[in-house]
Amino acid sequence: MDTDGDGHVDQEEYRTYRTGPSPPKDNNQITFAEDNASIAVELDSPTMSRTMSSGRESFELTMLEKKTFTIDFEFDSLSLTLKSDETKQVLSGVTGSIKSGRVTAIMGPSGAGKTTFLSTLSGKAYYGITEGNVKINGSIAQISDYKQVVGFVPQEDTMHRTMTVKENLDFYAQLRLPSSYTAEQRDQLVNETIHVLGIWDVHDIQVGDAETRGISGGQRKRVNIGMELVADPTVLFLDEPTSGLDSTSSFEVLEALKKVAGLGINIIVVLHQPQFRIFKMFDEVLLLGRSGRAARQCTSGRPWRRVCAGRGWAL
Ligand SMILES: Nc1ncnc2c1ncn2[C@@H]1O[C@H](COP(=O)(O)OP(=O)(O)OP(=O)(O)O)[C@@H](O)[C@H]1O
Ligand SMILES: [Mg+2]
């Protein structure tokens, strides 16, 4: 234990004896600790060596890289009026900001306009007239200019039920990735995505449906997310990825999203009634009022309670 031979065992020597050498201290390192699994993402060097261990296996992430290009949104008085009925405004005066590498939760009552907000911000609300300013990385811009790097995970599962998890992700990777990716790089990206989402155990199992038993509902949600992840997005919008799941599966989905955000990806997620342990995982919360009329934003993490309370919001 007394590794430096100075006659006494100091705190560091004792810790090393108990747990092995400590990793180099690095402000940029993000570590997610799970029960007996962890992912460490070292963000300091341009080459970014990253390893992931799940207790059973250890492998290096080479394709799922820390993003060098990230997207931050700022929106001011964002509104949407239906083209079919110009008297109907389904989103009204939403102001806030959404930053890369963070998980932003969009919450509010049913019919508040959460899905409408996602569609508007992701440039998919073709059925309406958008008003207000959207800034991307500080400049007024259209999200449609960034289509290639935006992923949208709809509420419904859209995968092929007769294919395995990996076959589904392979299929979407082939469909969506630029042709500059070699077959080996694509395969590596798909494998890494499966690991990050925590579904390697079922990678070769058929998704299945109501008649043919396959993977679980929570695993299916994560495959749904994976189908967008293999396209290598910079921003990921998700509409209720945990609806219909039990609390443990919901937590696993959020845990996976948190890891993805650690790569610098901007995660914007609509959620209903999250458990408190899930709520605590959000970095930002954007609250929509009825008819999308009011929006309030607060920063999560330790100070979120004070910030919300200071603004008079009861949470
Ligand atoms: N294309 C449309 N045509 C007519 N009404 C629309 C359209 N899109 C949205 N709305 C209306 O806008 C309101 C908000 O809808 P939205 O789907 O965004 O709510 P939500 O907050 O996602 O609700 P939920 O939590 O139930 O999914 C609803 O009253 C809806 O009827
Ligand atoms: Mg909705």
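Which residues does T81 touch, not counting residues up to four places away in sequence? In this predicted model, the residues in question are E86, K88, Q89, G128 and I129. T81 itself is found in strand β5. Its C-alpha atom is separated by 8.2 Å from that of E131, although the two residues are 50 residues apart along the chain. T81 has 17 C-beta neighbours inside 10 Å and therefore counts as partly exposed; a residue would need 20 or more such neighbours to be classed as buried.

The strand that holds T81 belongs to an open sheet. Four strands make up this sheet, in the order β6-β5-β8-β9, and their pairing is antiparallel. Strands β6 (89-98) and β9 (139-140) stand at the edges with a single partner strand each, so one side of each lacks a neighbour in the sheet. Between strand β5 (residues 73-82) and strand β8 (residues 128-136), the antiparallel pairing runs over eight bridges. Within this pair, E74 stands opposite K135 of β8. In general, the strands of a sheet pair through backbone hydrogen bonds, in either a parallel or an antiparallel sense.

A parallel pairing occurs elsewhere in the chain. Strand β7 (residues 103-107) pairs with β13 in the parallel sense over four bridges, and I106 stands opposite L286 in β13. Strand β13 (residues 284-288) is largely enclosed by the rest of the structure, because five of its five residues are buried. Both faces of β13 are covered: E284, L286 and L288 are buried on one side, and V285 and L287 are buried on the other. This division follows a general pattern, in which the side chains of a regular strand alternate between the two faces of the sheet.

I106 also appears in the description of the nonpolar core. The largest such core contains 63 residues, of which I106, L257, V260, I267 and V269 touch the most other members. Helix α6 gives the most to this core, contributing six residues. When neighbours within four places in sequence are left aside, L257 is in contact with V103, I267 and V269. In soluble globular proteins, nonpolar side chains tend to be buried together.

Helix α5 (residues 217-229) offers a further case of burial. This helix has 13 residues and reaches 18 Å from its first C-alpha to its last, close to the 18 Å expected at 1.5 Å a residue. Twelve of the 13 residues are buried, and α5 is thus mostly covered. Among the buried residues are R220, K221, R222 and E228, together with V223, I225, M227 and L229. The buried residues of α5 pack against β10 (150-153), α3 (165-176), α4 (183-196), β11 (235-239) and α6 (247-261).

The surroundings of ligand 1 were examined next. The residues around this ligand are L82, V90, G108, S110, G111, A112, G113, K114, T115, T116 and Y127. By class, the shell comprises four nonpolar, six polar and one charged residues. Helix α2 (residues 114-121) gives the most to the shell, with three residues.

For the chain as a whole, the secondary structure comes to eight helices and 14 strands. Buried residues make up 35% of its 315 residues. Of the contacts with a separation of 6 or more, 65% are between residues 24 or more positions apart.

Methods: Residues are numbered from 1 along each chain as its sequence is written. Chains are lettered from A and ligands numbered from 1 in the order in which they are written. This is a predicted model: local features need pLDDT of at least 70, side-chain atom pairs count only at pLDDT 80 or more; totals for chains, interfaces and linings use all residues. Helices (H or I, at least four residues) and strands (E, at least two) are DSSP runs, numbered from the N terminus. Two strands pair if DSSP finds at least two bridges between them. The expected span of a helix is 1.5 Å times one less than its number of residues. Two residues are in contact if their C-beta atoms, placed from the backbone, lie within 7 Å. A nonpolar core is a set of buried Ala, Val, Leu, Ile, Met, Phe, Trp, Tyr and Cys residues joined through C-beta atoms within 7 Å. A residue is near a molecule or strand if its C-beta atom, placed from the backbone, lies within 6 Å of it. Ala, Val, Leu, Ile, Met, Phe, Trp, Tyr, Cys and Pro count as nonpolar, Asp, Glu, Lys and Arg as charged, and the others, Gly among them, as polar.
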